[in-house]
Amino acid sequence: MAVGGRSSWNVWLVSGACGAAGLLALHSAVPNGIGRLGSLLETFLPWLGLAVPVLGCLALIVRSWAGLLACLAPGAVWLWMFGGVWFSSPPGPYDLTVVQHNVADDDADPAGTARALLAARAGLIAVEELTPAAQPAYQGVLGASHPHRAVHGTVGLWSAYPLSDVRPVDIRPQGFPGSWRRALRATVSAPGGRVAVYVVHLPSVRLGPRGLASAARDESAALLGARIAADPAGRLLVVGDLNGTVQDRGLAPLTSRLHAPPTGFAFSWPAGLPVARIDQVLGRGAEVTEVSALEATGSDHLPVLGRVLLR
């Protein structure tokens with residue numbers, strides 16, 4: 001290879017490695033004003049780590065030692081940001097398990113989906129996109145083992161433990177109709193103690209020519225964040241389809257008040273080839289020690305299971 005050619009490869013590879021490291025470390029500096037590019041980047045932020053093996057292999061092929069050395073920068077930043085998530089520790093103690101699933105309003109086999117959720121042996125089963133037509137199927141499968149139920153609009157909670165103080169939560173963005181009912185709150189008397197549980201489904205986002213359309217979701221997240229801030233419960237869980245990852249700054253008014261599990265990517269969407277976890281189990285005063293993705297159902301989301309330490 002000519003010296004000039006290798007020099008060009010050095011420049012491209014070093015620039016690519018430095019760019020990947022910069023985007024990882026300084027993702028919050030990417031502006032959201034145009035197409036919400038910052039939120040789009042943060043949705044898929046862990047995948048920037050793929051730049052390391054790709055650039056590294058190219059550097060080896062063209063024998064660019066400068067490029068290979070430069071790959072250490074994004075590799076180190078990725079490990080600093082996501083190493084604790086990637087290298088999962090053994091599961092610790094927990095008091096409560098919860099399964100959360102966007103069951104899809106067009107699921108042709110709701111009873112089969114309900115049986116799949118029941119097989120996880122969780123004390124709480126939270127669902128979104130629950131239709132009136134599908135409710136009897138879920139009740140028929142879950143009712144015996146989870147006799148306590150709360151449903152509001154298209155979200156529902158089946159519990160093996162008593163529920164109290166069940167109430168709807170209004171997180172409608174401006175201009176949304178009153179029929180849009182996608183959040184509820186209930187107090188669960190679990191074996192480890194009482195815990196407030198919010199089941200929520202934030203508005204969908206769309207990716208189009210103008211970028212990420214997430215304004216309604218962000219507004220709904222801010223409304224829910226305000227409700228969480230005002231909730232006096234000492235232990236609280238938010239479970240549901242947030243239509244965003246915990247890194248997405250659009251959800252910060254909500255996620256900044258809650259704690260995410262320290263380990264496990266548990267990508268949940270889309271079910272066929274999961275690339276992001278937009279289905280969340282988050283806590284305040286209740287530690288979510290682990291979240292894992294379960295087997296696919298008839299939905300375009302995977303169910304996720306969270307383990308919660310209440311004491």
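Me: Which elements are included in what covers the buried residues of α7?
Reply: This is a predicted model, in which local features need pLDDT of at least 70 and side-chain atom pairs count only at pLDDT 80 or more, while totals for chains, interfaces and linings use all residues. Residues are numbered from 1 along each chain as its sequence is written, and side-chain values use heavy atoms, with hydrogens and water left out. Helices (H or I, at least four residues) and strands (E, at least two) are DSSP runs, numbered from the N terminus. With contact meaning heavy atoms within 4.5 Å, the cover of the buried residues of α7 includes α6, β2 (124-128) and β4 (155-159).

Me: How wide is the arc that the buried residues of α7 cover?
Reply: Buried means under 20% relative accessible area, exposed over 50%, and partly exposed in between (1.4 Å probe, protein chains only). In α7 the buried residues are Tyr138, Val141 and Leu142. They lie on the same side of α7, because their arc, taken from the directions from the helix axis to the C-beta atoms, spans only 85 degrees.

Me: Which residues are exposed on the other side of α7?
Reply: An α-helix has 3.6 residues a turn, so residues three or four places apart point the same way. Opposite the buried side of α7, the exposed residues are Pro136 and Gly140.

Me: At what angle do the axes of α6 and α7 cross?
Reply: Two packed helices are described by the angle between their axes and the distance between the axes. Axes are lines fitted to C-alpha atoms, for helices over the stretch in contact, and angles run from 0 to 180 degrees between N-to-C directions. The axes of α6 (residues 110-118) and α7 (residues 135-142) come within 8 Å, and their crossing angle is roughly 35 degrees.

Me: Which hand does the crossing of α6 and α7 have, left-handed or right-handed?
Reply: A crossing is left-handed if the near helix is turned anticlockwise from the far one by less than a right angle, and right-handed if clockwise. For α6 passing α7, the crossing is right-handed.

Me: How many nonpolar residues does the contact of α6 with α7 have?
Reply: On the α6 side the contact includes Pro110, Arg115 and Leu118, and on the α7 side it is made by Ala137, Tyr138, Val141 and Leu142. Ala, Val, Leu, Ile, Met, Phe, Trp, Tyr, Cys and Pro count as nonpolar, Asp, Glu, Lys and Arg as charged, and the others, Gly among them, as polar. By these classes the contact has 1 charged residue, 1 polar residue and a nonpolar count of 9.

Me: What do the buried residues of α6 pack against?
Reply: The buried residues of α6 are Pro110, Gly112, Thr113, Ala114 and Leu117. They pack against β1, β2 and α7.

Me: Which residue of the loop between α6 and β2 has a positive phi although it is not a glycine?
Reply: Most residues other than glycine have a negative phi, and most peptide bonds are trans. The residue in this loop has a relative accessible area of 76% and is exposed. With a positive phi of about 55 degrees, it is Arg121.

Me: Which residues are exposed on the face of α3 turned away from its buried side?
Reply: In α3 (residues 51-61), Ala51, Leu55, Gly56 and Ala59 are buried. Their arc is only 115 degrees, so they sit on the same side of α3. The face turned away carries the exposed residues Val54 and Ile61.

Me: How far apart are the closest N and O atoms of Asp218 and Arg36?
Reply: A salt bridge is a side-chain nitrogen of Lys or Arg within 4 Å of a carboxyl oxygen of Asp or Glu. Asp218 lies in α8 (residues 215-230) and Arg36 in the loop between α1 (3-25) and α2 (37-43), so the pair ties together parts that are 182 residues apart in sequence. Asp218 is buried at 12% relative accessible area, whereas Arg36 is partly exposed at 25%. The closest N and O atoms of this salt bridge are separated by 2.8 Å.

Me: Which residues are linked with Arg36 and Asp218 in a network of salt bridges?
Reply: The whole structure holds 9 salt bridges. In the network that contains Arg36 and Asp218, the other members are Arg217 and Asp248.

Me: Which strand holds Arg307, the salt-bridge partner of Glu290?
Reply: The side chains of Glu290 and Arg307 meet at 3.2 Å, N to O. Glu290 belongs to β12 (residues 287-293), and 17 residues separate it from Arg307, which is in strand β13.
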